[in-house]
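Visitor: I have a structure open in my viewer and would like a friendly walk through it. Could you take me around?
Guide: Gladly; here it is.

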Amino acid sequence: MPTPLLVVGSSVKCPHSADGAIVTKNIRVSSGGQAVATLPDPCAIAGCKNPANAGGPCVVALFQMPATRVFIGGLPALLATSIGLCQPLSLPAVVQVAMPRAGGT
Ligand SMILES: [Zn+2]
């Protein structure tokens, strides 16, 4: 069972439930009609309410652990199992990929 690829429409939330939006430069490869995300695509977090005395709001999630065998334009594809760390706190993002149509390992 291959791991689903992350696409621009994948649901990414910071640990405080603010929505994130993956921004990719990949325009060549899509899955289910949405561009597949690759390293080092950032995921912009909007509206995080984490208070300043707890470290402040999340601004962006940066991914680690991409695919080891799926490359797009020379960059490793991101997977549903890739770890997104919300900066500046380095807290893990919550990634949900619905209805996978393509996968890789
Ligand atoms: Zn947050």
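Visitor: How many helices and strands does the protein chain have?
Guide: Please keep in mind that this is a predicted model. From the N terminus on, every element in the run β-β-β-β-β-β-β-β-β-β-β-β-β is a strand. The count for the protein chain is therefore 0 helices and 13 strands.

Visitor: What radius of gyration does the protein chain have, and does it agree or disagree with a compact globule?
Guide: Along the principal axes, the C-alpha atoms fill a box of roughly 40 × 25 × 25 Å. For 105 residues, a compact globule would have a radius of gyration near 13 Å. The protein chain agrees with that, because its own value is 13 Å.

Visitor: Which strands are the edges of the open sheet of 7 strands?
Guide: The pairing in this sheet is antiparallel, and its order is β11-β10-β7-β6-β3-β2-β12. Inside that order, 2 bridges join β2 (residues 11–13) to β3 (residues 19–22), and lysine 13 stands opposite aspartate 19 in β3. An edge strand pairs on one side only, and here these are β11 (91–92) and β12 (94–96).

Visitor: Which elements give two or more residues to the largest nonpolar core?
Guide: In soluble globular proteins, nonpolar side chains tend to be buried together. The largest nonpolar core here has 24 residues, and Leu5, Leu6, Val36, Ala61, Ala77, Leu78 and Ala93 touch the most other members. The elements that contribute two or more residues are β6 (42–46) and β7 (60–64).

Visitor: Where are the prolines that follow cis peptide bonds, proline 40 and proline 88?
Guide: A cis bond with omega about 0 degrees joins leucine 39 to proline 40, and the bond from glutamine 87 to proline 88 is cis with omega near 10 degrees. Proline 40 is in the loop between β5 (34–35) and β6. Proline 88 is in the loop between β10 (83–87) and β11.

Visitor: Is methionine 65 exposed, partly exposed or buried? What about serine 90?
Guide: Both have a positive phi without being glycine: near 55 degrees for methionine 65 and about 60 degrees for serine 90. Methionine 65 is in the loop between β7 and β8 (71–72), while serine 90 is in the loop between β10 and β11. Exposed means 12 or fewer other C-beta atoms within 10 Å; serine 90 has 11, so it is exposed. Methionine 65 has 13 within 10 Å, so methionine 65 is partly exposed.

Terms used
Residues are numbered from 1 along each chain as its sequence is written. This is a predicted model: local features need pLDDT of at least 70, side-chain atom pairs count only at pLDDT 80 or more; totals for chains, interfaces and linings use all residues. Helices (H or I, at least four residues) and strands (E, at least two) are DSSP runs, numbered from the N terminus. The radius of gyration is taken over C-alpha atoms; the globule rule is 2.2 Å times the number of residues to the power 0.38. Two strands pair if DSSP finds at least two bridges between them. A nonpolar core is a set of buried Ala, Val, Leu, Ile, Met, Phe, Trp, Tyr and Cys residues joined through C-beta atoms within 7 Å. A residue is buried if 20 or more other C-beta atoms lie within 10 Å of its own, exposed if 12 or fewer, and partly exposed in between; C-beta atoms are placed from the backbone.
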